[in-house]
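Reader: Please take one part of this model and look at it closely, then go on from there to other parts of the chain.

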Amino acid sequence: MIDINNQYTLMKRKIDTEVVRHFFNDTLISEVDKLPIRIIPKDRVPSRCCIYKERALVRYRILSLLGVDLEKDDDELKPLSDYVKDVMEKDEPNLPLLTTIKSGCYGCPKDQYRVSDACRGCFARPCMANCPKNAIVFINGQAHIDEERCIRCGKCMEVCPFHAVVHIPVPCEEACPVGAIKKNEQGFVEVDHSKCIGCGKCVRSCPFGAIAERSELFKVLKMLKSGDKVVAMIAPAIEGQFPGSLAQIKAALKKAGFSDVFEVAKGAEVTSVREGEELVEKIKEKKGYMTTSCCSSYMDLIEKHLPFLKDRYSDAYSPMAYSAEICKKADSSVKTVFIGPCLSKRVEAAKYPEIIDGVITFAELAAIFMAKDIDVMKMEADDMGDTSSFEDCREYAVSGGVASCVLSRLGDSSSIRILPIDGLDKKTVRLMNTWQKKAPDADLVEVMCCQGGCIAGPGTIVKPQVALRLRAANKAAAAKKA
């Protein structure tokens, strides 16, 4: 996974902000076709072969922001302004979730192991002795790998005393926990949507930005501009994403056009109570372990790859669903928009069209703030209301937080065994698959798709360690006031 601070994310943020700014200024249709040239001026030193390719890629970024499926609907002769007109006319979910930019996908060799010049041609030759396919040969006293025989097991790399064997992965393939990413015969990346769980790890890992989300930001922008009553349902992970307190973020959201702000931590309280009741019942009836139900990528993992777990995950709805339900019951006329760190929440939201009207990421919210020149730190804190009953549920944002909230709503929970799955990768998916034959030694299994929790999601804008520091500082400030 590449670091969140890089040239691609900075460029994407700039593109998103410019598009959103023009949208609110009513100049998007007239100006959108000029944006690639303005963002990549002729005097720019290109990172790729030429500025014309970079401009083309800016165009593709704008198309993905508009929700276009680039594999099916990319028409090079169609102006961006016409695509904008199209998106103004529709509101249906942009699924499948991901799309690929072929012209942005290049430079990655196939997954392989190579022997570097650090090889000393040692007498022990553990690489050759441990290779299960006799793929190691020595030429002029130095090891070489026969690609036709190599099965990429990595044993040669593990045993080399000089660390002379290096693994050269395809970043997106390596990051995907379920094998949904492959390169086709032409060398371009393809997403197998029948396997994809929407975790976004491929999006975050690609150094070329060749895999993109088909955004639904415009669906929300149109709500804000129309004057509808739009409630921002903010995920617990939002604290720490922007400088300032939750109360200042609430004020910033209202300035951006949202009529009200609802903490999804309150919905998480409902999830915690329901999961706690279910867990106690399962233990009482000796039905075995239960897994949590708040991570939508985990739900897709079960649906597509681990169906035997369907009777193991909690029947409780996710905090997002409970939050939307509460908002709609209070006022059926409001539009509900979930703002969080996930891409996969859009897949979940599509199952509840009657209560969830939109989903955007923290990165997309940042584009709205920048486009409207809203500085969270300069906002006067808004009233958060009485949050005492669900303050601990803000910890749903970090690994361990879900399980701790569930247990805190039980009586004596000291005997309940917890197993945290802190991040999904190929190894953890293989581990979970073994539960078909041997159940884990646990009563409650907490599954977080992103290592560290939701604060590390693909829609976040700061590093997890920065978010944790900001969250801790907010807690300390609140405690001092109390």
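Author: Cys172 counts as buried because its relative accessibility is 7%; buried means under 20% relative accessible area, exposed over 50% and partly exposed in between, with a 1.4 Å probe and protein chains only. The model is predicted, so local features need pLDDT of at least 70 and side-chain atom pairs count only at pLDDT 80 or more, while totals for chains, interfaces and linings use all residues. Residues are numbered from 1 along each chain as its sequence is written, and side-chain values use heavy atoms, with hydrogens and water left out.

A disulfide is taken as a pair of cysteine sulfur atoms within 2.5 Å, and the count by this rule is zero. Cys172 accordingly is in no disulfide, the nearest cysteine sulfur being that of Cys206, 6.0 Å away. Cys160 is also buried, at 13% relative accessibility. The closest cysteine sulfur to that of Cys160 belongs to Cys119, and the 6.5 Å between them is too far for a bond.

Next come two helices; helices (H or I, at least four residues) and strands (E, at least two) are DSSP runs numbered from the N terminus. Helix α11, residues 217-226, is mostly covered, with eight of its ten residues buried. Among the buried residues of α11 are Leu217, Phe218, Val220 and Leu221, and also two lysines, Lys219 and Lys222. Just after α11, Gly227 has a positive phi of about 90 degrees.

Thr271 belongs to helix α13, residues 264-284. Thr271 counts as buried because its relative accessibility is 0%. Contact here means heavy atoms within 4.5 Å. Apart from neighbours within four places in sequence, Thr271 touches Ala316, Tyr317, Ser318, Pro319, Tyr322 and Tyr396.

That leaves the open space. On a 1 Å grid over the protein atoms alone, a pocket is an open set of points where a 1.4 Å probe fits, with protein on both sides within 12 Å along at least five of seven lines; its lining residues have an atom within 4 Å of a point. The largest pocket holds about 530 Å³ of space. Its lining has 16 residues, and those nearest the centre are Glu239, Ser245, Arg394, Asn474 and Ala478. Two elements, α12 (246-256) and α20 (464-481), give two or more residues to this lining. The most comes from α20, with five residues. By class, seven lining residues are charged (Asp, Glu, Lys and Arg), six are nonpolar (Ala, Val, Leu, Ile, Met, Phe, Trp, Tyr, Cys and Pro) and three are polar (the others, Gly among them).

Key. Points joined across faces, edges and corners; volume = space filled by probe spheres on them.
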